[in-house]
Amino acid sequence: MGRLDGRVALVTGAARGIGAATARRLASEGAHVALADLDEQGCQKVAAEIAAAGSEALPLACDVSDASAVQQTVDAAASHFGKLDILVNNAGIIRDNLIHKMSDDDWDRVLNVHLRGAFLCARAAQKYMVPAKYGRIVSLSSTSALGNRGQANYSAAKAGLQGLTRTLAIELGRFGITVNAVAPGFIDTDMTRATAERMGITPEAFQAGASQHIALQRIGQPSEVASVIAFLASDDASYVSGQVIYVAGGPAGILM
Ligand code: NAP
């Protein structure tokens, strides 16, 4: 018996990194998982791994910032599996720059993927969750919500997600839907490796430097975020809503 037996989940940004780890984790606990991402081939690869491990997975191409694409994706997941219990808003990008160099496009794209994307997905998903009087929505915030040099766009989006989380928890609680966020610190994914490359240092040097500012003295792995998301998606967290759980190896994450 898995904690998520019989549940249906949709994970965005599931082609790699934290999203792929989350899809694998939810499936390993018994959920049927729809994987949505810009990168359809990446989704297909992760879905094939999940299927090989004995669970059902549905890969879907989707740009979470596109309202009609989101509607189609959520409808496809719910129609394929017969319902939708769990939504994980994970898709994300970074376009870092100091404010004087940040373009309108840097700002708009980051806000559109993280914040508009989570809004669109939650709005589409709640249409299935409200009549069922059950749902779990988990969104990826970040320690950057507390402020991070060069990330005015990303920080604003991740702080906005915390407000969205608390508000949806209030609005949807009466329908048996919990809404929470996880806020990772430094996790070893393509996103943080690309940041190292942009800074002109190796990912290993970047990770070693960051580790010195983390209480546990190491960076995190995608599976260590996925396990917290799985908890929030499960009935072990049935009375937890409107919360932000920092998954950062310490109380404050990285202090740059
Ligand atoms: P990642 O490795 O870069 O993966 C992000 C995934 O999201 C990619 O597969 C990407 O597809 C997809 N994506 C981007 N834009 C999309 C869109 N418009 N629609 C659908 N999918 C889209 O990132 P990650 O590190 O796993 O991060 C996952 C989430 O955790 C993000 O929300 C991120 O902000 C958050 N987070 C990460 C860290 C960290 O240290 N890694 C820390 C705090 C929070 P493409 O490859 O096609 O672009």
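Start by selecting A34 and L58: in β3, L58 is the bridge partner of A34. What you have open is a predicted model, and this pair is a handy way into its sheet.

**The β2–β3 side**

Widen the selection to both strands. β2 and β3 run parallel and are joined by 5 bridges. To get from one to the other, follow the chain through helix α2 (residues 40-52), which makes a right-handed β-α-β unit with β2 and β3. Now colour β2 by accessibility: 5 of its 6 residues are buried, so the strand is mostly covered.

**The whole sheet**

Zoom out and show every strand. The sheet is open, has 7 strands with parallel pairing, and reads β3-β2-β1-β4-β5-β6-β7 in order. At its edges you will find β3 (57-61) and β7 (244-247), each of which pairs on one side only. Ignoring direction, neighbouring strands here are turned by 15° against each other on average.

Next, bring up helix α3 (residues 67-81). It packs on the sheet and touches β1, β2 (32-37) and β3; the direction of α3 makes about 160° with that of β3. Then add helix α5 (residues 152-172), which lies across β5, β6 and β7. Relative to β6, helix α5 runs at about 165°.

**Walking across, strand by strand**

Go back to β2 and step over to β1. These two pair in the parallel sense over 5 bridges, and if you select T12 you will see it opposite A36 in β2. The connection is another one to trace: β1, helix α1 (residues 17-28) and β2 make a right-handed β-α-β unit.

On to β4. Strand β1 (residues 8-12) is joined to it by 3 bridges, and the two run parallel. Select L10 to find L87 of β4 standing opposite.

Pause on β4 itself (residues 86-89). Which of its residues are buried on each side? On one face they are I86 and V88, on the other L87 and N89, so that both faces of the strand are covered.

From β4, move to strand β5 (residues 135-140), which runs parallel to β4 and is joined to it by 4 bridges. Here N89 has S139 as its bridge partner in β5. To see how the chain gets across, follow it from β4 through helix α4 (residues 104-132) to β5: this β-α-β crossover is right-handed.

Keep S139 selected, as it leads to the next strand: it also stands opposite A181 in β6. Strand β6 (residues 177-184) runs parallel to β5, and 6 bridges join the two.

**A stop on helix α4**

Return to helix α4 and pick N112, which is found there. With a relative accessible area of 34%, N112 is partly exposed. Show its contacts: leaving out residues up to four places away in sequence, N112 touches S65 and G117. Then draw a distance from N112 to A157. The two are 45 residues apart along the chain, and their C-alpha atoms are separated by 8.6 Å.

**The loop after β6, and two helices**

Select T189 in the loop between β6 and α6. Is T189 buried or exposed? Its relative accessible area is 12%, and it is buried. Beyond its neighbours within four places in sequence, T189 is in contact with G17, I18 and P222.

Carry on to helix α6 (residues 190-199) and helix α7 (residues 203-211). Their axes come within 8 Å and cross at roughly 105°, and α6 and α7 are therefore roughly perpendicular to each other. For the contact between them, show T192, R193, T195, A196 and M199 in α6, which meet P203, E204, F206 and Q207 in α7.

**Last stop: the cysteines**

How many disulfides does a search of the whole structure find? There are 0. Begin with C43, which is in no disulfide: the nearest cysteine sulfur, that of C62, is 9.3 Å away. C43 counts as buried, at 0% relative accessibility. Now centre on C62, whose nearest cysteine sulfur is that of C121, 6.0 Å away; C62 is in no disulfide either. The cut-off for a disulfide is a pair of cysteine sulfur atoms within 2.5 Å. At 6% relative accessibility, C62 counts as buried.

How values were computed:
Residues numbered from 1 in each chain as written. Predicted model: local features only at pLDDT ≥ 70, side-chain atom pairs only at ≥ 80, totals over all residues. Heavy atoms only, no water. Buried < 20%, exposed > 50% of the residue type's maximum accessible area, 1.4 Å probe, protein only. Pairing = 2+ DSSP bridges. Right-handed = clockwise from strand over helix to strand, strands pointing away. Axes fitted to C-alpha atoms, helices over the stretch in contact; angles between N-to-C directions. Parallel < 35°, antiparallel > 145°, perpendicular 65-115°, else oblique. Contact = heavy atoms within 4.5 Å.
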